Amino acid sequence: MSQQGLLFGAFFGCLAIILGAFGAHLLKKKLTTEQLQSFETGVKYQMYHAIVLLILGFQLNSEIPFDSYIINAFIIGVFLFSFSIYGLVISSANNKKLKFLGPITPLGGLFLVAGWVLLFYKFVVLFN
């Protein structure tokens, strides 16, 4: 069991609900349709990976380094990907776009992809 995966999965899931409601109700009047879609993309990816972290938290062993790499890749990926989107959208809505966040989003995406590739590799090794 990975306590870190469970904790971050629960935290990211809870926060995705809060941010989704924030976006749907409070930001809806302030954001353009494109900005709102970007914000929703961040929320969706955060929730998808929160669920993945919860499942993996019960299945992986945090004492095995490879399992920790998988969990950490997803945690870092969600943080960099989703939170950079939130920052970009909210800052641009306030006409103070934080441009330095732009390159962070794809970096977060790479961490998410790395998590999935590591998970795939684990399954390939596990089933052979």
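Helices and strands are taken here as DSSP runs, a helix having at least four residues and a strand at least two. In the predicted model, the span of residues 6–27 is 95% helix and 0% strand on this basis, and its end C-alpha atoms lie 30 Å apart. Residues 70–89 are 100% helix and 0% strand, with 28 Å between the end C-alpha atoms. Both spans carry the annotation "transmembrane region" in an unreviewed UniProt entry, which also assigns this label to residues 47–64 and 101–121.

Helix α2 comprises the 27 residues 33–59. At 1.5 Å a residue, a helix of this length should span 39 Å, and the end C-alpha atoms of α2 are indeed 39 Å apart. The buried residues of α2 include L36, F39, V43, V52, L53 and L56, together with Q35, Q46 and H49. Among the elements that cover these buried positions are α1 (3–26), α3 (65–93) and α4 (104–126).

A single salt bridge is counted in the model. It joins D67 to K122, whose closest N and O atoms are 2.8 Å apart. Because D67 belongs to helix α3 and K122 to helix α4, the pair ties together parts that are 55 residues apart in sequence. Both D67 and K122 are buried.

On the surface, F22, L26 and I90 form a nonpolar patch with about 250 Å² of accessible area together. Within this patch, L26 is located in helix α1. L26 is classed as exposed because its relative accessible area is 58%, and the cut-off for that class is over 50%.

Notes:
Residues are numbered from 1 along each chain as its sequence is written. This is a predicted model: local features need pLDDT of at least 70, side-chain atom pairs count only at pLDDT 80 or more; totals for chains, interfaces and linings use all residues. Side-chain values use heavy atoms; hydrogens and water are left out. The expected span of a helix is 1.5 Å times one less than its number of residues. Buried means under 20% relative accessible area, exposed over 50%, partly exposed in between (1.4 Å probe, protein chains only). Contact means heavy atoms within 4.5 Å. UniProt positions are given in the numbering used here, feature names are shortened, and annotations may be inferred rather than shown by experiment. Patches are made of residues with over 30% relative accessible area and no salt bridge: like charges are joined within 9 Å, nonpolar side chains (Val, Leu, Ile, Met, Phe, Trp, Tyr) within 5 Å. Accessible areas come from the Shrake-Rupley method with a 1.4 Å probe; for residues, only the protein chains shown count as cover. A salt bridge is a side-chain nitrogen of Lys or Arg within 4 Å of a carboxyl oxygen of Asp or Glu.
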